[in-house]
Amino acid sequence: MSVISGSASWYLRRLSRMGPREIGGRVSDTVRRRRWRSARPSCPSVTGARFTAALPAGALAAVPPDAAKRLVAEADRLLDGHAEFFGVPRDDLADPDWWYDPKTGRRAPWGYAFDVPYRNEEAVGDIKQIWEPSRHQYLTVLAAAYAVTGDERYAERVAQHLRLWWAANPPLRGVHWISGIELGIRLLSWVWIRRLLDGWPGAAGLFEENPVALNQIWHHQRWLAAFPSRGSSANNHVIAEAAGQFAAACAFGWFPSSARWRAAALASLERHLRGNTFLSGLNRELATEYHGLVLELGLAAVAEADAASVPVPRTIRLVLLRMTDALAAVVDSRLRPPRQGDADDGHGLIVDGAGTDRWASLLATGDAVFGRLDWWPAVTGTDVRTPLLAALVRPYGKKGTAPAVTRPARRPHHFADAGLTVLRRQGDTGEIWCRCDGGPHGFLSIAAHAHADALSVEVRHDGVDVLADPGTYCYHGQPEWRRYFRSTLGHNTLELDGADQSVSGGPFLWTRQARSRVLTADTSTWCAEHDGYGESVHRRRVELAAAARELRVVDEVRGAGRGPRRDVRLAFHLGPAVTAVLAGDRAVLTWTRDGEDRSAVLDLPGQLSWRAHRGESDPSPSSSSRGNPILGWYSAGFGRKEPATTLVGTGFADGTAEFTTVLRFRD
């Protein structure tokens, strides 16, 4: 009964964040799903289909040898049946069970797709573990290995797995026909698989001459045309849906509806790329990994358009250009971007082996497509994807491709619309990089991928997390961990009265969102405040001294709000490489970078009582974690976590209070 009532209350909260148009669209979707249960049309007859979107001559020859070596090593592991998804090893990829979750040992139930309770881990398993292999991005890796080596073992494994998947997952049956983002990314994977297998004699028989493949491709596109993500859900999901639909309608344009699907998908892609992106170029979800996902999807869509000679609105290239310049602006000296908001390791297109840097790859592609600016950081790594995309995309500046835009003459440090500021100093032992968050809570009415992290900071030294954003870790099935990694206490900011700054209504829903505003943002000083605690305002000032290698953080609580004083907790989360020795209100931090010992001193506010926490999941009631059974964790990637030190200071704010923290780096 509690599960039912809990589910009902979530739906009511979710409904409250929708507008009339979205509600009407979702009602129509529900009616259509019921109708589709008994009315499943067959794929129209297709004759004379040909695949014409092959890679241009010379594209594969441009793949750097070291990138090809990494790719082949990864493909060989896959041939042996080994893979890892979200921290869980898989040794069954030679003959996978498409509905099995190795994390929980559960298997998703069979039945009409829209009846599968995919959010219920007890009934289905961890849905991310089940969905990820069926994005078929491991098959794009195998197909790419065939393309660069000509070894038919890779092509044959791809063909075997596609046929098995198509047989096991007929249209509208089972867990892989529930979510539009999964269908969209899968379609994009199939387009690239067909392209990369173009030299293999069996490629046409696997795709355009195969009625089963044609049926799957048609039903995927029909599904995406019928059930787009709507309203408050029109975030990165709708872009993946549109990009996959558009790519398939360009490369697999063999059906009577292909032209209509292509036009509708392109219009959706243009509208939502603009809607999901600030004018500064940062993604509106304020979740960095989704910036990467959307940029990858957008570049892949433009590649399909150019390969098929389909004109695209100039605004699409303009948004992708701004996103690329914004990424170049915010990364640190090791090309790592901020760890802000949710992150689920989602990629738009994978054709590279393990060890390829995602962000370096995106900047390399940006250089090839748009051209680098003088202030861009140097990219030294190599990848497979860049030369393949660059071979398809018409270079920036060619007639019809150049948006009318003035690009930044200097490296931006403040993105006013996103409320993101980067303070940085270059020293003899490396760069000090500090990201300050004074922006909107998230995107759209539900802010699905936001964290309660207003005024939080991240600090790195030569790319090493010193004051770290702990990450995301999980979405479904582990609500206590989801709450912690989204919480105010789970970030480098200040908490009042044991409450988050914003109010959560569920794992992807915020019912009240703190509002922040930036007061000062220059190259050495940042100041902002938020209203998440009612009558009490939290204001934070950060100063990065040019010569002293010193970062000063001053927190103010203005106004007592309710009663004469408020409980305060101030948290600083250290990166997993950092060791801390805490004595009173001073912590000595040490770590190693490239074999060299580094250190810093963190002087903490003396008005607070400080305690170090590491890897705690059930602290004693007397600990300063009061009511928080989890503290001291860092998630490097989705599904993975490791202990890390969190310093928590507890005390009170009487009326207006000020707390000063100073981080000094040693030479």
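## Overall build

With 667 residues, what radius of gyration does the chain have, and what would a compact globule have? The chain has 25 Å, and a compact globule would be near 26 Å, so the two agree. Here the radius is taken over C-alpha atoms, and the globule rule is 2.2 Å times the number of residues to the power 0.38.

This is a predicted model, in which local features need pLDDT of at least 70, side-chain atom pairs count only at pLDDT 80 or more, and totals for chains, interfaces and linings use all residues. Residues are numbered from 1 along each chain as its sequence is written, and side-chain values use heavy atoms, without hydrogens and water.

The C-alpha trace spans about 75 × 60 × 45 Å along its principal axes. Buried residues (under 20% relative accessible area, 1.4 Å probe, protein chains only) make up 60% of the chain.

## Two nonpolar cores

A nonpolar core is a set of buried Ala, Val, Leu, Ile, Met, Phe, Trp, Tyr and Cys residues joined through side-chain atoms within 4.5 Å. The largest has 145 residues, and Val175, Trp190, Trp192, Leu197 and Phe252 have the most contacts inside it. Apart from it lies another core of 39 residues, including Trp591 and Trp610.

Take a look at Leu197: beyond its neighbours within four places in sequence, Leu197 is in contact (heavy atoms within 4.5 Å) with residues including Ala143, Tyr146 and Leu206.

## A buried loop threonine

Thr277 is found in the loop between helix H12 (258-275) and helix H13 (288-307). Thr277 is buried, because its relative accessible area is 5%. A polar atom of its side chain lies 2.7 Å from the backbone oxygen of Leu273.

Key
Buried means under 20% relative accessible area, exposed over 50%, partly exposed in between (1.4 Å probe, protein chains only). Helices (H or I, at least four residues) and strands (E, at least two) are DSSP runs, numbered from the N terminus. A polar contact is a pair of N or O atoms within 3.5 Å; within protein, one must be able to donate a hydrogen and the other to accept it, and residues adjacent in sequence count only if both atoms are side-chain atoms.
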